[in-house]
Amino acid sequence: MTDFAATRRAFHLPEGVTYLDGNSLGPMPLAATARAVRVLDEEWSQMLITGWNRAGWYVQPRKVGDRIARLIGAGPGEVVMGDTLSIKVFQAVSAARAMRPDRRVILSDSGNFPSDLYVAQGLARAVDAELRVVAPDEVDDAIGDDLAVLMLTEVDYRTGRRHDMQALTAKAHVSGALTVWDLAHSAGAVDVDLTGADADFAVGCTYKYLNGGPGSPAFIWTHPRHADAAQPILQGWMGHETPFAFDPNYRPAAGIERMRVGTPPVIALTVLDAALDVWEGVALADLRARSIELTQAFIAGVEADCPDVTLNSPRDPAMRGSQVGFRHPHGYAVMQALISEGVIGDFRAPDVLRFGFAPLYNDAADVDRAVATLARILRDESWNREQFHQQASVT
Ligand SMILES: *Cc1c(COP(=O)(O)O)cnc(C)c1O
């Protein structure tokens, strides 16, 4: 059994705070501080440029990728780190579309995160493809013979709705298309199994449920059957077969290494590596069971004590990731009031109160406190104060 009391103790969780926003930015693992100091004081400071070899900075994108692989059902050598998720979405979708040159359609859903849709719109313009966007529950029916790439985020950032990765991938393959799965709200939240689902490409960020810190680098996975065939469109020198030959012509490196673009963010990768230590000994089946326990208890508690809100997430846990949304006409002010009481979730327009439950550090006491605080704020209408209506630029 995974020791979740121990994983909780591995984080800095500020006194008096119930943190339910790890689906946006995970909290800081205690081990991050010493590791950050070490990479600065012992590596960069002492080794200077020799750190690329002596401290292993150059191979870090693959080594850290191997640690993430276990959490997403991938094998060693199949994942590489770098850049931001938006860039990795571009790398994956462009490579997938280039493997289906006779087809124009990239299919996604209206619940996808805007950046993924923007990237696909830009790509469609550049390579004469068409981005088709349907409602999340219409994706299945929209898979047809004209489909080049099915580009989906497995868990909807707003509703927590979870697509059936295995079934949709199988259907896309029957139609002759390839799949790109964005795991931004899956990796570290649910039991992802890319190999079992037979997916083609996957990408994800590491600052949400993987707790790598603000702006920590993204990951990309290519199924081994495509790894030596996929052609990255962002052809950077770090993805070259021999980067230090400084060849003026691009030749892709073998396997996933070709998806690298430029110099890796060593300091950020080092902090992420420290954050991944917490995952040692965590079984994905336990993670999923605990996530379901927490989210079910939260839904039951809120529905029993808060008559003014309505569930904005699937009720069936099999259809849900590790977050729960509730709608309230004054959702923004209600969330500000909650935050002022130390219960930190977030608000997503137009009216959604969003609560992420990270099995690694959230527990039953967090659920109880969040339910009780929300119920009180709604009952005494303490959200209805001037200060809670003022919108900040980053929420
Ligand atoms: C969080 C998130 C992003 C953010 O992309 P960045 O490039 O890291 O800013 C993109 N897509 C999805 C689905 C997300 O949830």
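Colleague: Before we look at the ligand, what makes a residue near a molecule here?
Modeller: This is a predicted model, and the check runs on heavy atoms. A residue is near a molecule if one of its heavy atoms lies within 4 Å of it.

Colleague: Which residues surround the ligand?
Modeller: Go along the chain and you pick up Thr84, Leu85 and Ser86, then Phe113 and Asp116. Thr153 is in the shell too. The rest of the shell is Asp182, Ala184, His185, Tyr207 and Lys208.

Colleague: How many residues of the shell around the ligand are charged?
Modeller: Sort the shell by class and you get four nonpolar and four polar residues. The charged ones in that shell number three.

Colleague: Which residue has a side-chain N or O atom 3.4 Å from a nitrogen atom of the ligand?
Modeller: Let's go through the polar contacts, where the cut-off is 3.5 Å. Threonine 84 puts a polar side-chain atom 3.4 Å from a ligand oxygen, and leucine 85 has a polar backbone atom 3.4 Å from an oxygen of the ligand. The ligand nitrogen has its 3.4 Å partner in the side chain of aspartate 182.

Colleague: How much of the ligand's accessible area does the protein cover?
Modeller: Take the ligand on its own and its accessible area is 390 Å². Of that, the protein covers 85%.

Colleague: Is α5 parallel or oblique to α6?
Modeller: Helix α5 spans residues 85-98 and helix α6 spans residues 114-127, with axes 9 Å apart. They pack at about 40°, and α5 passes α6 in a right-handed crossing. That angle is why α5 counts, relative to α6, as oblique.

Colleague: And how about α11 and α13, roughly parallel or roughly antiparallel?
Modeller: Helix α11 (284-305) and helix α13 (364-379) have axes 9 Å apart and an angle of about 20°. The crossing of α11 past α13 is right-handed. Angles under 35 degrees get one label, so α11 and α13 are roughly parallel.

Colleague: Where is the cis peptide bond?
Modeller: Look at the loop between β14 (346-348) and β15 (352-356), where proline 350 lies. Omega is about 5° for the bond in question. That cis bond joins alanine 349 and proline 350.

Colleague: What is phi of leucine 48?
Modeller: Leucine 48 is in the loop between α2 (31-47) and α3 (51-54). Its phi is positive, in a residue other than glycine, and near 50°.

Methods:
Residues are numbered from 1 along each chain as its sequence is written. This is a predicted model: local features need pLDDT of at least 70, side-chain atom pairs count only at pLDDT 80 or more; totals for chains, interfaces and linings use all residues. Side-chain values use heavy atoms; hydrogens and water are left out. A polar contact is a pair of N or O atoms within 3.5 Å; within protein, one must be able to donate a hydrogen and the other to accept it, and residues adjacent in sequence count only if both atoms are side-chain atoms. Accessible areas come from the Shrake-Rupley method with a 1.4 Å probe; for residues, only the protein chains shown count as cover. Ala, Val, Leu, Ile, Met, Phe, Trp, Tyr, Cys and Pro count as nonpolar, Asp, Glu, Lys and Arg as charged, and the others, Gly among them, as polar. Axes are lines fitted to C-alpha atoms, for helices over the stretch in contact, and angles run from 0 to 180 degrees between N-to-C directions. Helices (H or I, at least four residues) and strands (E, at least two) are DSSP runs, numbered from the N terminus. Angles under 35 degrees count as roughly parallel, over 145 as roughly antiparallel, 65 to 115 as roughly perpendicular and the rest as oblique. A crossing is left-handed if the near helix is turned anticlockwise from the far one by less than a right angle, and right-handed if clockwise.
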